[in-house]
Structures are given as C-alpha cells and as structure tokens.
Amino acid sequence: MSVNPNQVVLRKTEHSGTDHNSKVWVLRCGRCGICYGANSTDAWERKCPNCGGGRPGLPIPLEREGEKWNREELVIAFNLYNQIPFGAIHMRNPKVIELAAVLGRSPGSVSFKLSNFARLDPSLQARGIRGLQHGAKGDEEVWHEFVQRPDALVYESAQLLGARLGRSVESVAEVDESDLPPAGEEREALVRLRVNQSFFRKRVLSAYEFRCCVTGLGATELLVASHIVSWAEDPANRLNPRNGLCLNALHDRAFDRHLMWVDSDFTVHFAPSLHESVRQGETPLAWLLGFEGSHLKLPEKFAPDGSFLREHAGRCLALAR
Ligand SMILES: [Zn+2]
C-alpha cells in the first residue's frame, strides 16, 4: 500500500499512534507544505488536515529534542542555513519547520542552530550582526570543514538528507536529470557537479532575497546565480557566494559576455558598443542599458567581493578598448 501521492512520508517513528498497533509517521503535504503526524495504519489514505479536509494531525514526536546535535544533523542543517535569507531564520519558516520534522527536533531548536551558524559567518560578523552565544563546538567544526572542502560537504549533505527521506541525491538537490546519462561513473561526476551548482544558486539567490541586484526583478525562474570570475577560471571560488551576483537572465548574459561590469563603488556600467547600438536604432536595448550608473542592491550577507569585481571589470574595459 502506498501513501496518498500528495502526502509524503518524511519520517517513520517508533512512537505509538492513537489506533491499535499503529506508530506515528510524520507526513508532509505536497500541496500546502504543512508537516503533521499520522497513524501508520491509515497513512496511505491520509488527507491533509490543512488543505485536504482531513482529520487533525497528531503531534510530531520530538525524540531528539534536548539531545546533543551529531555531525550528520549539523551537516544537514548547515545546508539549509545556506538556502534561506538571514532574515528568514525563525521558527515559523516552513523550511525550518520541515527540517525540524525530519530531525525529530522542535522548530525553535532548529532556528537556534541556524542562528549559531550565522554567528560564525564572516559576512555577518563584518556587519556587526551577532548570532546567538553558546555555540557548540560541533557547529564550528562543520563550518570549518565546509570552508576547507566545500564541494565534498555540499554533496555529503544532500546524500545524508536523501538517505533520511528515502530520496535520491538528485531529487533532494533539485538537480535537472533530463539530460544525464544512465548510472555510471560519468553520471556520478555530473551529479556531483550539478549538486554543487544547485547549492551555489540557492546560496546566492537566497542571500539576495530572490531579487535581481540590478533591476530588482523578483521572478525566480528568470534569475541566475552569476559567477563574477568565471567558474572555469577560478575553481577555488566556484562555491564562494561572494563570487556571485543574483541577476536576471539578460543582465547575466551581458555580465558573462563582458558587456556589463560593476565598479568598486558598486555602480553598474555597460560596454560603449551597446550604447552605440542604441544610438543606431536598436531601441529595445535601451531597457537593458537604462541601469547605467545605478547602484547595485547589495545583500545582507555574502556581499560581492571587490577583488572579484575588479578582476571582471578590468577584463571588460580591456575588451571595450
Ligand atoms: Zn495541505
């Protein structure tokens, strides 16, 4: 028997349910996203208590609440820290609630843990934002492990979360699988790459609160986590969010083709050749260039690193000559 396709099993617990011989399973509604407890005996026909007219959910067991966080839990939580804006770290955030349901902890203790990661984040420390005190040593170890080998840790966190949810790494990291080869070494290498790319995208977009830093455009489908110094040129900074900008697809292309750059005072400039095209009658381009001289909308964390911007601008100016 399988579960109602709209209701996903997040976790099966050993807690007794309210029906004879039943255990509590933690379900998540695929439509509205709420998490709730259900009897294992009727999970297969469960309707969402919130949007499907089902019976109220059972309390979600908190077996791990008050227990010391282990490395696996920290690695999974660290991944989430990188996917939500700083201002959204609170116990009402649906992603915080979901992770709490997965771990068997309260949303409050998950948000407390994410705030501890913020305390270690140099980009927030630089702005005088302090997270909570009493950070556990484990938090710091995971943070430093990530600094030392980001690629490996990002992949591992997707694996760990996937193992808990009974889902593939590809699905947990929301990787496009349509053009991937079937199982094998080549596929695994590509999946690793895409898990990292997906992580970089989430990290940059969430830092900018899902808005283009030039235009303010907020349609997520049209946004790109653009590398300042290209991915191929600087492997060490592939996952560095300070080597990223959140741009709409068209400005991203202009930036990538060295037709747009950002000054050290964070003002935006376009290549003289594009301005010339507008003068020659290419009027639709005027929208793109209308942001000449405007100021970048900087994120609360992971503001772009000036040295990357200078390197990119230098290349653009050399090409414009
Ligand atoms: Zn629902």
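How much space lies in the largest cavity? The answer is about 40 Å³, and I should say at once that what we are looking at is a predicted model, so please take each value that follows as something computed from that model.

Let me stay with the cavity for a moment. The structure holds one cavity of 30 Å³ or more, and its lining is made up of Val-75, Phe-78, Asn-79, Phe-146, Leu-153, Val-154, Ser-157 and Phe-199. If we sort those lining residues by character, six are nonpolar and two are polar, while none is charged. Two elements, helix 1, which runs over 71-81, and helix 6, which runs over 150-165, each supply at least two residues of that lining.

Helix 6 deserves a closer look. It has 16 residues, and from its first C-alpha to its last it reaches 23 Å, which is close to the 22 Å expected at 1.5 Å a residue. Its buried residues are Pro-150, Leu-153, Val-154, Tyr-155, Glu-156, Ser-157, Ala-158, Leu-160, Gly-162 and Leu-165, and among these, Leu-153, Val-154 and Ser-157 also appear in the lining of the largest cavity. What covers the buried residues of helix 6 includes strand 1 (7-16), helix 1, helix 2 (94-103), helix 5 (137-148), helix 7 (169-172) and helix 8 (185-207). After helix 6 comes Gly-166, which has a positive phi, near 65°.

Now to the open space. The largest pocket contains about 670 Å³, and of the 29 residues that line this pocket, Gln-83, Lys-95, Val-172, Glu-174 and Lys-202 are the closest to its centre. Helix 1, helix 2, helix 6, helix 7 and helix 8 are the elements that give two or more residues to the lining of the pocket, and it is helix 8 that gives the most, with six residues. By character, the pocket lining divides into 15 nonpolar, seven polar and seven charged residues.

That brings me to charged pairs. Side chains of opposite charge can pair when their charged atoms come close, and in this model the count comes to 21 salt bridges. I will go through three of them and then a network.

In the first example, the side chains of Arg-64 and Glu-73 meet at 2.9 Å, N to O. The two partners differ in their surroundings, because Arg-64, at 25% relative accessibility, counts as partly exposed, whereas Glu-73 is buried, with a relative accessible area of 1%.

In the second example, Asp-179 and Arg-194 form a salt bridge, also given as 2.9 Å from N to O. Asp-179 lies in the loop between helix 7 and helix 8, and Arg-194 lies in helix 8, so this pair ties together parts that are 15 residues apart in sequence.

The third example, by contrast, lies within a single element: Arg-279 and Glu-276 are both in helix 10, residues 272-279, and they are three residues apart, about one turn of the helix. Their closest N and O atoms are 3.0 Å apart. Arg-279 is exposed, with a relative accessible area of 62%, and Glu-276 is partly exposed, at 33%.

Finally, the network: salt bridges that share partners join Arg-71, Glu-145, Arg-149 and Glu-156 together. Glu-156 takes us back to helix 6, where this residue is listed among the buried ones.

Note on methods. Residues are numbered from 1 along each chain as its sequence is written. This is a predicted model: local features need pLDDT of at least 70, side-chain atom pairs count only at pLDDT 80 or more; totals for chains, interfaces and linings use all residues. Side-chain values use heavy atoms; hydrogens and water are left out. On a 1 Å grid over the protein atoms alone, a cavity is a set of points where a 1.4 Å probe fits but cannot get out, and a pocket is an open set with protein on both sides within 12 Å along at least five of seven lines; lining residues have an atom within 4 Å of a point. Grid points are joined across faces, edges and corners, and a volume is the space filled by probe spheres set on the points. Helices (H or I, at least four residues) and strands (E, at least two) are DSSP runs, numbered from the N terminus. Ala, Val, Leu, Ile, Met, Phe, Trp, Tyr, Cys and Pro count as nonpolar, Asp, Glu, Lys and Arg as charged, and the others, Gly among them, as polar. The expected span of a helix is 1.5 Å times one less than its number of residues. Buried means under 20% relative accessible area, exposed over 50%, partly exposed in between (1.4 Å probe, protein chains only). Contact means heavy atoms within 4.5 Å. A salt bridge is a side-chain nitrogen of Lys or Arg within 4 Å of a carboxyl oxygen of Asp or Glu.
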